[in-house]
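Subject: Structure handover

Dear colleague,

Here is the structure for you to take over. Please look through it before reading the notes underneath.

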Amino acid sequence: MKLKYLNTILFLLIFQFVIAFQDKSICSCELLKESKENDEKISAIAQEIEASFHDLSTDGFNEYFDTESFKVKLISNIDFSSNDPYIRGFLDGVGDAGNKLALKIINEIENGAYYNLINYRYNIVEKAYYFTFRIYSEETGINYHDYKVCSDGKDIKVNDIYIYLSGEHLSETLNRIFKMSLEDEKNNTFNSKGSTLNSMFKVMNAQKLLQEGKVRQAYEMVDGITGPMKNEKFFLLIKALIASSYDDKIYEDILSEFAKLYPDDPTLYLKLIDYYFLKENYKMVHIYLDKLMFETNDDFLNLMKAHAYMLQEDFINAEKYYNYIKVNYPASFSAYIGEMISLSYQNRFEETLAIAQNLVDDGYDKNELIQFFEEKEPDGSNQLEAFVRSKTYKDWKSKS
């Protein structure tokens with residue numbers, strides 16, 4: 001079992017978050033002071049955005065995302081002429097960035113991902129409020145979005161998002177890409193093979209090839225990218241994502257390269273968790289899961305701890321952590337199955353069956369569950385084999 005924490009939404013956000021900007025201006029969205037009143041307002045706004053996403057609507061996000069303030073952050077500390085045609089074209093980009101970001105999140109939800117509010121907090125160091133969303137699916141793994149809160153003096157808004165997968169605010173990532181693009185324009189190299197724009201188009205094409213199942217071609221395309229983009233954080237993560245579907249050794253090498261290039265990036269726990277899963281160093285997996293749990297205050301990470309214990313063949317602890325998720329996150333089907341597997345390996349078939357029957361009682365189709373329980377992996381194995389061969393299971397199966 002390889003748990004991947006590389007979420008494709010990261011690159012799509014970066015590529016489509018290049019937005020129109022006509023004139024330099026002063027940010028009109030200032031940080032809020034900590035107070036009980038602001039706590040209540042921010043909690044309400046975060047819940048409103050969550051409810052909107054769950055209704056598959058972009059309205060909640062678009063209402064509170066301050067595009068103008070984000071634009072200012074994007075071009076922070078960059079000296080350029082807004083009258084330059086190339087610069088104007090680059091910054092005009094897609095246009096309605098906030099709506100596109102929200103649509104990408106909804107697309108992930110429609111494809112089976114969960115997008116849930118975890119908490120809100122006041123960051124004493126930054127003197128800023130944040131609220132955090134977890135995005136999770138069995139296919140893409142887990143990531144977090146920290147929404148940075150500000151106020152225009154009247155309304156509370158959001159003007160940046162810290163993405164755990166990249167270990168930085170989205171505005172910081174885009175700021176560097178903008179700088180690289182300006183260098184291309186300055187040196188008249190924006191049509192060169194290694195230009196920022198050409199590199200981004202290659203990554204987009206590689207993403208399409210990956211979706212079409214053309215994994216080798218996708219990896220070869222990103223592997224051929226040269227220039228400053230080659231060592232960008234988000235590019236290496238996208239490259240690693242593609243490699244994870246192509247070749248485990250290449251995937252491991254890319255993660256090692258990432259660690260060498262960014263050795264002082266302690267917030268990138270997601271990457272390190274995936275790396276140590278791959279290396280089968282479960283002691284380090286637990287260490288970084290605990291660090292991430294402390295930082296996010298997200299007890300859903302106990303699901304990953306359960307997976308790790310399962311791979312360690314520590315079925316007692318695996319059972320314990322799967323049970324915790326089953327009780328606290330009853331919509332997590334994998335927690336039910338994980339606990340069943342843990343119990344089955346301990347030959348506790350009556351308890352395993354009790355979970356199966358609970359699933360039926362909760363509305364799952366019994367015949368479909370039977371098919372799922374008995375299905376074999378490509379290598380012919382089945383983690384529930386002892387259970388499905390037991391008299392306990394056979395008697396249950398035979399009943400209508």
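The notes below cover a pocket, the strands beside it and one helix residue.

Please keep in mind that this is a predicted model.

The pocket

The second largest pocket holds about 360 Å³ of space. Its lining is made up of 16 residues, and those closest to the centre are Tyr 114, Tyr 136, Phe 300, Ala 331 and Ser 332. By character, the lining divides into seven nonpolar, six polar and three charged residues. Three elements each supply at least two lining residues: strand 1 (114-123), strand 2 (128-137) and helix 16 (333-345). Strand 2 gives the largest share, with three residues.

Strand 2

How many of the residues of strand 2 are buried? The count is 10 of 10, and the strand is mostly covered. In a regular strand, side chains alternate between the two faces of the sheet. Here both faces of strand 2 are covered. On one side the buried residues are Ala 128, Tyr 130, Thr 132, Arg 134 and Tyr 136. On the other side they are Tyr 129, Phe 131, Phe 133, Ile 135 and Ser 137. Tyr 136 thus appears twice in these notes, as a buried residue of strand 2 and among the residues closest to the pocket centre.

Its two partners

Strand 2 pairs with strand 1 in antiparallel fashion, through nine bridges. Within this pairing, Phe 131 in strand 2 has Tyr 120 opposite. The hairpin formed by strand 1 and strand 2 has four residues between the strands, and Lys 127 in this hairpin takes a positive phi near 55 degrees.

Strand 3, residues 141-151, also runs antiparallel to strand 2, and eight bridges join them. One of the bridge partners here is Ile 142 in strand 3, which is paired with Tyr 136. The connection between strand 2 and strand 3 is a hairpin through three residues.

A residue in helix 8

A separate item concerns Val 203, which lies in helix 8 (residues 196-211). Is Val 203 buried or exposed? Val 203 has a relative accessibility of 2%, so it counts as buried, the cut-off being under 20%. Val 203 and Ala 218 are 15 residues apart in sequence, and their C-alpha atoms are 8.5 Å apart in space.

Regards

Technical notes. Residues numbered from 1 in each chain as written. Predicted model: local features only at pLDDT ≥ 70, side-chain atom pairs only at ≥ 80, totals over all residues. Heavy atoms only, no water. 1 Å grid on protein atoms, 1.4 Å probe; cavity = no way out; pocket = protein on both sides within 12 Å on 5 of 7 lines; lining within 4 Å. Points joined across faces, edges and corners; volume = space filled by probe spheres on them. Nonpolar A, V, L, I, M, F, W, Y, C, P; charged D, E, K, R; others polar. Buried < 20%, exposed > 50% of the residue type's maximum accessible area, 1.4 Å probe, protein only. Pairing = 2+ DSSP bridges.
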